[in-house]
Amino acid sequence: MCTVCGCGEGDQHGHSHEHAHEHKHDHHEHSHEHGHSHEHSHEHNHDHDYSKGEAGVHVAGFSQARLVSIEQDILAKNNRYADANRRLFNERGILALNLVSSPGAGKTTLLTETIRALGSEFPMSVIEGDQQTSVDADRIKATGVQAIQINTGKGCHLDGHMVGHALDGLKPETGSILFIENVGNLVCPAAFDLGEAAKVVILSVTEGADKPLKYPDMFHAASLMILNKTDLLPYVDFDVEACCNYARRINPGIKILQLSATKGDGMGQWLNWLKANHALAQIGIPEQEEPA
Amino acid sequence: MHEMSLCESIIGIAEEQASIQQFKRVKSIRLEIGKLSCVQADAMAFAFDAVAKNTILEGARLEIDEVPGKGWCAGCSTEVGISQRYDSCPLCEYYPIEIREGDAMRIKDMEVE
């Protein structure tokens, strides 16, 4: 159950019956959850659908108007959820990565190839975010790794609350690697912290080399940039050096890797990056896990 | 796009405050949106009306104070105005500028009843 918002597992999803609840949210914070109709059946590891939400009905009363001071960051709630996720990851030595890109940059292929390469070394799991369909989660599950799909519906990004609930179902293992594949979008996911250790931005050479300049927030927020589909470089007009310079101008500390997930070139460095960050995530975790 | 979810966050905060500060309806709400934040003020206004339907914010007047971007240039030790997050110093071209103001998105206050 979600310890931050207090809504029990069955409160938000996982019901097998259908209802639209309108309880008053005076003690917790997921007001955007009002009135969901819960139509999916209850099973462990079920997928989450946020596309059916509709705000609850509140009836206004009359009293004298007054001014109340709020002074709160609009993202404060998301950040609270993200902090709770981050704490869980830290306590369990889980390396959580938030993978972001435009649609079609090759996130899911990179993931399936990564799982193939490292699946025997580390326990792994995946949270898949898309507006609709469970196609991506199905591709991951086909590799034998646990995956859960979140459909964001009208939403263009995952948020800390959605991920928190996905974790309830997924229950990632202590010492594992959790990949969170965000909705394909280089704008909105930059603003929403999920509690991850790092954002990894994936750019493919079939896109414009100037993307880091066009979507600076994302490249500023990312720790690692992967330039994917490098096997196609002979056929496209993509200036690798200029692209890397743009990314470093936005974010001087960003690390950059070039690889082809389908052909395997350059995958070694990505796997090394993962292993190094996984080792970091284990520091401070009691001994029985991963003797480094 | 994400202006929609930010509006939902605003409604969440308003509903939370409704029970703490005892009010039933919001007549107007004032936001402070930094020019360097990832929000477009007009997109926010557009999304607000749609998302506020059937909530305590339905029909509320939305006021947005836009806060200009300000940063500190380590190159010439001056506080400078910037219009984009990754601008270089308008005086000496130094980069990067340390952002001091204009990247926040806050709810300031609400007129309620």
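Start by selecting B:Ser9: at 11% relative accessibility, this serine counts as buried (buried means under 20% relative accessible area, exposed over 50%, partly exposed in between, with a 1.4 Å probe and protein chains only). B:Ser9 lies in helix H1 of chain B, residues 3-20; helices (H or I, at least four residues) and strands (E, at least two) are DSSP runs, numbered from the N terminus. Leaving out residues up to four places away in sequence, B:Ser9 touches A:Ile74 and A:Lys77, where contact means heavy atoms within 4.5 Å.

Before you click on, keep in mind that this is a predicted model, in which local features need pLDDT of at least 70 and side-chain atom pairs count only at pLDDT 80 or more, while totals for chains, interfaces and linings use all residues. Residues are numbered from 1 along each chain as its sequence is written, chains are lettered from A and ligands numbered from 1 in the order in which they are written, and side-chain values use heavy atoms, with hydrogens and water left out.

**Stop 1: the A/B interface**

Now show both chains. Here 40 residues of chain A are in contact with 41 residues of chain B. The two chains bury about 3,700 Å² between them, 57% of it on carbon and sulfur atoms; buried area is the accessible area (1.4 Å probe) that two parts lose on being put together, summed over both. Select A:Arg66, A:Ile70 and A:Ile74, which supply 19% of the area that chain A buries against chain B, more than any other three residues.

Looking for polar contacts? Across this interface the rule finds 14 residue pairs, both residues at pLDDT 80 or more. A polar contact is a pair of N or O atoms within 3.5 Å; within protein, one must be able to donate a hydrogen and the other to accept it, and residues adjacent in sequence count only if both atoms are side-chain atoms.

To color the chain A side by element, pick strand E2 (66-73), helix H2 (76-92), helix H7 (216-221) and helix H8 (240-250), each of which supplies at least two residues of the side that touches chain B. The largest share, 8 residues, comes from E2(A). By class, this side of chain A has 17 nonpolar, 13 polar and 10 charged residues (Ala, Val, Leu, Ile, Met, Phe, Trp, Tyr, Cys and Pro count as nonpolar, Asp, Glu, Lys and Arg as charged, and the others, Gly among them, as polar).

**Stop 2: a strand pair across the chains**

Stay on E2(A) and add strand E6 of chain B, residues 105-112: the two pair in the antiparallel sense over 6 bridges. Two strands pair if DSSP finds at least two bridges between them. For a landmark, find A:Val68, whose bridge partner in E6(B) is B:Met110.

**Stop 3: salt bridges**

How many salt bridges does the rule find across the interface of chain A and chain B? There are 3, and the structure holds 19 over all chains. A salt bridge is a side-chain nitrogen of Lys or Arg within 4 Å of a carboxyl oxygen of Asp or Glu.

Click A:Glu71, which is partly exposed at 35% relative accessibility. B:Lys108 forms a salt bridge with A:Glu71, with the closest N and O atoms 2.8 Å apart. B:Arg106 bridges to A:Glu71 too, at 3.3 Å between the closest N and O atoms. B:Arg106 lies in strand E6 of chain B and A:Glu71 in strand E2 of chain A, so the pair joins two chains.

Next, go to B:Arg85 and A:Asp217, whose side chains meet in a salt bridge at 3.5 Å, N to O. B:Arg85 sits in the loop between strand E4 (78-82) and strand E5 (98-101) of chain B and A:Asp217 in helix H7 of chain A, so this pair also joins two chains.

Within chain B, select B:Arg30 and B:Asp109, which meet at 2.7 Å, N to O, in a salt bridge. This pair links distant parts of the chain, B:Arg30 being in strand E1 (residues 26-34) and B:Asp109 in strand E6, 79 residues apart. B:Arg30 is partly exposed at 26% relative accessibility, whereas B:Asp109 is buried at 11%.

**Stop 4: a covered strand in chain A**

Finish on strand E7 of chain A, residues 198-204, where 7 of 7 residues are buried. A:Ala198, A:Val200, A:Ile202 and A:Ser204 point one way, and A:Lys199, A:Val201 and A:Leu203 the other. In a regular strand the side chains alternate between the two faces of the sheet.

Add the neighbors: strand E3 (residues 95-101) of chain A runs parallel to E7(A), joined by 5 bridges, with A:Asn98 partnered by A:Lys199. Strand E8 (residues 224-228) of chain A is also parallel to E7(A), over 5 bridges, and there A:Val201 stands opposite A:Met225.
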